[in-house]
There are 2 protein chains.
Amino acid sequence: MVEKLNKAVADDTAEVKRRGRRGTGSVTLRDVAKLAGVAPITASRALNSPSAVSPLVLERVQDAVRRTGYVPNMLAGGLASSKSRLVAAVVPTIAGPVFQESVHSLTEALAEHGYQLMLGQSGYRNSREDALLDAIIGRRPDGVVLTGIMRSADGRRRLLASGIPVVETWDLTATPIDMLVGFSHENIGIAVAEYLHERGCKQVASINGNDDRAVRRHNAFSQAALRLGMAVPDAAGIPSHVVQAPTTLASGREGLSRLLKDSPDIDAVFCSSDMLALGVLTEAQALGIPVPQQLAVCGFGDLSFARDLHPALTTVRIDGTAIGQLAARFIMDRAEGRSVEQPIRDIGFSIVRRDSA
Amino acid sequence: MVEKLNKAVADDTAEVKRRGRRGTGSVTLRDVAKLAGVAPITASRALNSPSAVSPLVLERVQDAVRRTGYVPNMLAGGLASSKSRLVAAVVPTIAGPVFQESVHSLTEALAEHGYQLMLGQSGYRNSREDALLDAIIGRRPDGVVLTGIMRSADGRRRLLASGIPVVETWDLTATPIDMLVGFSHENIGIAVAEYLHERGCKQVASINGNDDRAVRRHNAFSQAALRLGMAVPDAAGIPSHVVQAPTTLASGREGLSRLLKDSPDIDAVFCSSDMLALGVLTEAQALGIPVPQQLAVCGFGDLSFARDLHPALTTVRIDGTAIGQLAARFIMDRAEGRSVEQPIRDIGFSIVRRDSA
DNA sequence: ATGAAAGCGCTAACAG
DNA sequence: CTGTTAGCGCTTTCAT
């Protein structure tokens, strides 16, 4: 059936020798329209706004689609309508588990409405962000979701100039490019310090990935700990260890071992990820240090395994699913001409109190 | 500068009232060409095959690009050239850590050559695979990377009909749609059984996610175990527990506890993922069961944490990075008209012998 | 080495 | 409700 159609179309056009191309040979809307006995635009309407055509036409077009195996060319559609139904997401790396939940729910929420996700990895060193941005803008996506705040002024300018709706996530700023779904890393640092203080910790420490957001959590944590007297008086900060992002179990183990060497008396560690915390738990177990009796451990992320570790991990929970869903909704609202009410959201965080601290 | 240009272009066309659209207002190749004093096609050549134009022209075009902030519209380019520079990847879910390494390296390898990844989630129940396929084919990607073998005959047919290069991964089949980068799940089951046998295990069990590939690993493992006498003679299979995919630490803990209730004498567990294995390790520790002395544990995936657990996890290693890189290369070779030598690859696996078994 | 013409496959705008 | 026309922004084909 398909072959026959293709041939018929080819015959139609082959006789006149002209310039231009002869296309890819795949079934087009024109073929469908011809088979259904209507104009291409009518076939287009039957597919995109079925209620705008008569039932008879709808039937015949749908039948023609079925018989030809027609799949709309969204490149062409996107070019004509300036609606690509593509959304780009930028994450430091998909290899870290931290953003999985967000990416998952984003993909899901978009797919439900016929949008597709394009994934870009910026790396933690922001080296490729520049080239990535061109690759993204060039596809004219209906929206861009960034992990974190875009810091480079040039990047901000280019995104702004492109006119593409942008959602920055996982952070707060007074001057977002456009929309924002995030939370305060500073407040997290403070909240964790206060929580550990309540639990009676006297000498806290931290292990952090070397990315901007983790460092800011640490700084706030360190300041608050100082203020609460959970560190050597007059020190510049608490004992801490910085590791390469993305963080791993291995660096958590090594981090604890180093911290203990320099500061054997610490009684709590705040880790910038649950993976690091798992490393700390592992090392503590290997060293025979009881958690939380001798050492309290707090993670960040509330990854799926945190709840079921032994001891169960106390950690900071970020609702990654909410981030993904909100970002998706913001962008689809914009793309479809609806206005976004309250486009700057602080979704907060919570400390999940479990056994490790 | 940009505004001035846009205005100039607008003036050109505003006078004659005509049908059609007035575009998006963003800078086009025409604008660049006009500013550089050349024809659009020449500007196009300057950007896409710089060696085909004179140095002077090249210079002026590049300058015009810089001054206007022009970003090529790849939708238009793709439509005209039938090269979208987009590659689609389908994974069951991005939330499971198993495919991260592959997706990461795939994204990376593609980006290096100006290709972009589109991500689709099929879910483990393959429910949405159908709609997803249309969404993918509709974008006319230069290639599709599937996780696992496409089982639905209809899906195979549609992909084949689309003419898009396809790489199936993470499995083997005698009849791939097109290209293939995988390994044998049956052989893994057998190899793990033999390994545990060598280590002196007498009564093995398994905990598996309910996805097809895990089940096949289990079946082969179970058969081999029977053959090697590591189970009750004349039994249909070994003790096993099936859990929902994606697998979690929690289901690993629960799995072990159930297995021990029914079969207290087991001395080894093969888990269909490292996450499950971590759960088994955790539960064993909570129960005071020494690993590997009383219970050997083998995982699957060699996730980043496996090496550094305590005890270090013996597991099956799949080179996810190689899968991603090979898939990327296959597709780019095809897209750029090079032929792919040996487009069906078994990349094998290895058992990483560590402390847990 | 450069350019003019002709489309790629689709939809917005306008007209019946 | 349906059709005609004119593009979307780019590249292929053919000609110079």
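## Close-up views of a two-chain predicted model

**View 1. Parallel neighbours β9 and β10 in chain A.** In chain A, strand β9 (residues 296–300) pairs with strand β10 (residues 314–317) in the parallel sense, over three bridges. Strands count as paired here if DSSP finds at least two bridges between them. Strands (E, at least two residues) and helices (H or I, at least four) are DSSP runs, numbered from the N terminus. Opposite A:Cys298 you'll find A:Thr314 in β10(A). A quick note on what you're looking at: this is a predicted model, where local features need pLDDT of at least 70, side-chain atom pairs count only at pLDDT 80 or more, and totals for chains, interfaces and linings use all residues. Residues are numbered from 1 along each chain as its sequence is written, and chains are lettered from A, ligands numbered from 1, in the order in which they are written.

**View 2. The open sheet of chain A and the helices across it.** Six strands make up this open sheet, in the order β7-β6-β8-β9-β10-β12, with mixed pairing. At the edges sit β7 (240–243) and β12 (350–352) of chain A, each pairing on one side only. On average, neighbouring strands of the sheet are turned by 15° against each other, direction ignored; axes are lines fitted to C-alpha atoms, for helices over the stretch in contact, and angles run from 0 to 180 degrees between N-to-C directions. Helix α10 (residues 212–227) of chain A lies across β6 (204–209), β7 and β8 (268–271), running at about 170° to β6(A). Helix α11 (residues 249–262) of chain A lies across β6, β7 and β8 as well, at about 150° to β7(A).

**View 3. Backbone oddities in both chains.** Most residues other than glycine have a negative phi, and most peptide bonds are trans. In chain A, a cis peptide bond joins A:His310 and A:Pro311, with omega about 5°. A:Pro311 lies in the loop between β9 and β10 of chain A. Over in chain B, the bond from B:Ala245 to B:Pro246 is cis, with omega near 0°; B:Pro246 is in the loop between β7 and α11 of chain B. A:Ser82 isn't a glycine, yet has a positive phi of about 50°. Look for A:Ser82 in the loop between α5 and β1 (86–91) of chain A.

**View 4. Where the chains touch.** Chain B puts 50 residues into the contact, and chain A puts in 50 residues. Two residues are in contact if their C-beta atoms, placed from the backbone, lie within 7 Å. Elements giving two or more residues to chain B's side are α5 (74–81), α6 (100–111), β2 (116–121), α7 (129–138), α11 (249–262) and α12 (274–287) of chain B. By class, that side has 23 nonpolar, 20 polar and seven charged residues. For the classes, Ala, Val, Leu, Ile, Met, Phe, Trp, Tyr, Cys and Pro count as nonpolar, Asp, Glu, Lys and Arg as charged, and the others, Gly among them, as polar. Strand β2 (residues 116–121) of chain A pairs with β2(B) in the antiparallel sense over three bridges, and A:Leu117 stands opposite B:Leu119.

**View 5. The axis relating the chains.** A turn of 180° and a shift of 0.0 Å along the axis lay chain B on chain A with an RMSD of 0.1 Å. That is the relation of a two-fold axis. In chain B, the C-alpha nearest the axis belongs to B:Met118, 2.2 Å from it. Both copies use the same surface: 100% of the contact residues of chain B recur in chain A. The superposition is by least squares on the C-alpha atoms of residues with pLDDT of at least 70 in both copies.

**View 6. Helix α5 meets its partner copy.** The axes of α5 (residues 74–81) of chain A and α5(B) come within 9 Å and cross at roughly 135°. That makes α5(A) oblique to α5(B), since angles under 35 degrees count as roughly parallel, over 145 as roughly antiparallel, 65 to 115 as roughly perpendicular and the rest as oblique. The crossing is left-handed, meaning the near helix is turned anticlockwise from the far one by less than a right angle (clockwise would be right-handed). A:Leu75, A:Ala76, A:Gly78 and A:Leu79 meet B:Leu75, B:Ala76, B:Gly78 and B:Leu79 here. The contact residues divide into six nonpolar, two polar and no charged.
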